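Work through the exercises below with the structure open. Each task is followed by a solution in steps.

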Amino acid sequence: MLRLHDITLALDHDAAALPAAIAARLGAVPRHWQIVRRGVDARKRSEIKLVYSIDVTPAEDPPGHPKTVSAPEMRYRFVAEAPEHLAERPVVVGTGPCGIFAALLLAQMGFRPIILERGQKVRQRTKDTWALWRRNILNPESNVQYGEGGAGTFSDGKLYSQIRDPLLHGRKVLTEFVKAGAPEEILWVAKPHIGTFRLVSMVERMRAEIEALGGEYRFGTKMEEVLLGADRQVLGLRLSDGTTLPTRHVVLALGHSARDSFAMLHAAGVAMEAKPLSIGVRIEHPQAIIDAARYGHAAGNPILGAADYKLVHHAANGRSVYSFCMCPGGRVVAAASEPGRLVTNGMSQYSRAEFNANAGIVVGISPADFPQAGPLGGIAFQRHWEEQAFIAGGGNYAAPAQRVEDFLAARASVSLGAVVPSYKPGVTPTDLARCLPDFAVAAIREALPAFGRQIRGFAMGDAVMTGVETRTSSPLRIGRSDGCESPNTPGLYPAGEGAGYAGGILSAGVDGIRVAEAVACAMLGTSLPVERRRAAPMSDGWG
């Protein structure tokens, strides 16, 4: 089989154009072909093109061509298989994408994991989340941050990444998602996404497979303490129901908002450090304005769908301002997980058909900006500004909001204009400078006009900014070796976004697979193959 790269066709090409282009590249009609990637080249709005990569089985050996290479192996290969009678079981803490894939891989290899989740099953969790959005009622243990599916459940469901994946972990994630009900196109479109409603049913199907393979879920069960031996080897966990769970292998897939668990681990001496994060707001525009700016006369083409964007500006005060988790045709959502604190996020459905586009406009910060030293300093920083946002919004989970024109003029908004904010349970017009650091306010004021020069209409006066966005990533990193194990607490395997090793659904799933491989090898007394080791953090293409 061969792979053909860079087959470029017009956006409105007919069905016969692609096979004709394949035959022209090969010099013959192939026996079989399939799309492995389709991207969009929108550098020229007047001439938008589709760019394909194709795997083909030629009828005969084709002449050499610089854009024809052997197709790579696309099948994931397991590193281990559990013996039939394994005495102990691994534990996975957390059921976001990292925890789900760690549990799924361990189950598929025969290790029958026990999965702990402080929140609820995804359907009940959805009801609890709607209670905040519709009735201003926050459940601190079941919300956008806590519960089956993780924070990514209430997002755009983006599945594209900047990570390098030579071992096909990312392909494994996408393949399992398709098996669980995701559209098959996620295997080949350049920027795949799923959307919230599809993710709910997919998470349920993946849970059913894990349970069918011997995995055991315990919902509403929180890890209260890690039990350690004299050599700091993990011996088990003390749980919120008062029981202890013996185990020597724990995957920590906590998510970026498990602040009380971070504090417990820090008190237990688990190696960790503060890391950079970002703070800012959500900005909303009519989706039609973004479509027109990005696609010109091709706006509305069903292949293109709702347009996205990626922006960055380096401000005069030394701060970087960038777009984060852009949600085409979506809405801004309440994402609080602690009483008296307010957080925003963005989400879209698969159709991306709602009226507004939204994205985080956030400013990078470092541990030097935190009000206290140490690994938990970022949490204190987040909490302070979330409390200010809660107060500025009125103290009832309504969010503080401001028109762009007013924000740039440094005056409070007393009303909003043509752009209707999508945030529920509602917004309070105010001055967002009340709930952002001064350096962030200055940097965003400088960035918005610059972004307007890149995307026509971006700095429109009636665009709505809603605060505050603080959960762009984990505020800390829990240390781990190349073999994915804590350097000072053997048996503890920090994983995913909460531990500082991922930045979205796809990279979190990939990290869950890598950590599951490490746990499986450790339980069998073997070493994780060198080529499968990775300690460096990863990030998805969310900006």
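**Exercise 1.** Locate Asn136 in this predicted model, decide whether Asn136 is buried, partly exposed or exposed, and describe its phi angle.

*Solution.* Step 1: Asn136 sits in the loop between α3 (122-135) and α4 (169-179). Step 2: a residue is buried under 20% relative accessible area and exposed over 50%. Asn136 has 29% relative accessibility, so it counts as partly exposed. Step 3: phi of Asn136 is near 60°, a positive value in a residue other than glycine. Most residues other than glycine have a negative phi.

**Exercise 2.** Do the same for Cys484: give its loop, its burial class and its phi.

*Solution.* Step 1: the loop between β21 (476-478) and β22 (492-494) holds Cys484. Step 2: the relative accessibility of Cys484 is 0%, so this residue counts as buried. Step 3: Cys484, which is not a glycine, has a positive phi near 75°.

**Exercise 3.** Describe the peptide bonds from Lys424 to Pro425 and from Gly467 to Val468, and place the second residue of each pair.

*Solution.* Step 1: the bond from Lys424 to Pro425 is cis, with omega near 20°. Pro425 belongs to the loop between α9 and β19. Step 2: the bond from Gly467 to Val468 is cis as well, with omega near 5°. Val468 is part of strand β20 (residues 464-469). Step 3: as background, most peptide bonds are trans.

**Exercise 4.** Describe the surroundings of Arg411.

*Solution.* Step 1: Arg411 lies in the loop between α9 (404-408) and β19 (427-429). Step 2: its relative accessibility is 38%, so Arg411 counts as partly exposed. Step 3: leaving out residues up to four places away in sequence, Arg411 touches Gln402, Glu405 and Asp406. Step 4: the side chains of Arg411 and Asp406 make a polar contact of 2.7 Å. Step 5: Asp431 is 20 residues from Arg411 along the chain, and their C-alpha atoms are 6.6 Å apart.

**Exercise 5.** Decide how compact the protein chain is for its length.

*Solution.* Step 1: the chain has eleven helices and 22 strands. Step 2: its radius of gyration is 24 Å, close to the 24 Å that the globule rule gives for 543 residues, so the chain is as compact as a globular protein of that length. Step 3: buried residues make up 57% of the 543 residues. Step 4: among contacts with a separation of 6 or more, 73% join residues 24 or more positions apart.

Conventions:
Residues numbered from 1 in each chain as written. Predicted model: local features only at pLDDT ≥ 70, side-chain atom pairs only at ≥ 80, totals over all residues. Heavy atoms only, no water. Helix = DSSP H or I, 4+ residues; strand = E, 2+ residues; numbered from the N terminus. Rg over C-alpha atoms; globule rule 2.2 N^0.38 Å. Buried < 20%, exposed > 50% of the residue type's maximum accessible area, 1.4 Å probe, protein only. Contact = heavy atoms within 4.5 Å. Polar contact = N/O pair within 3.5 Å; in protein donor to acceptor, adjacent residues only side chain to side chain.
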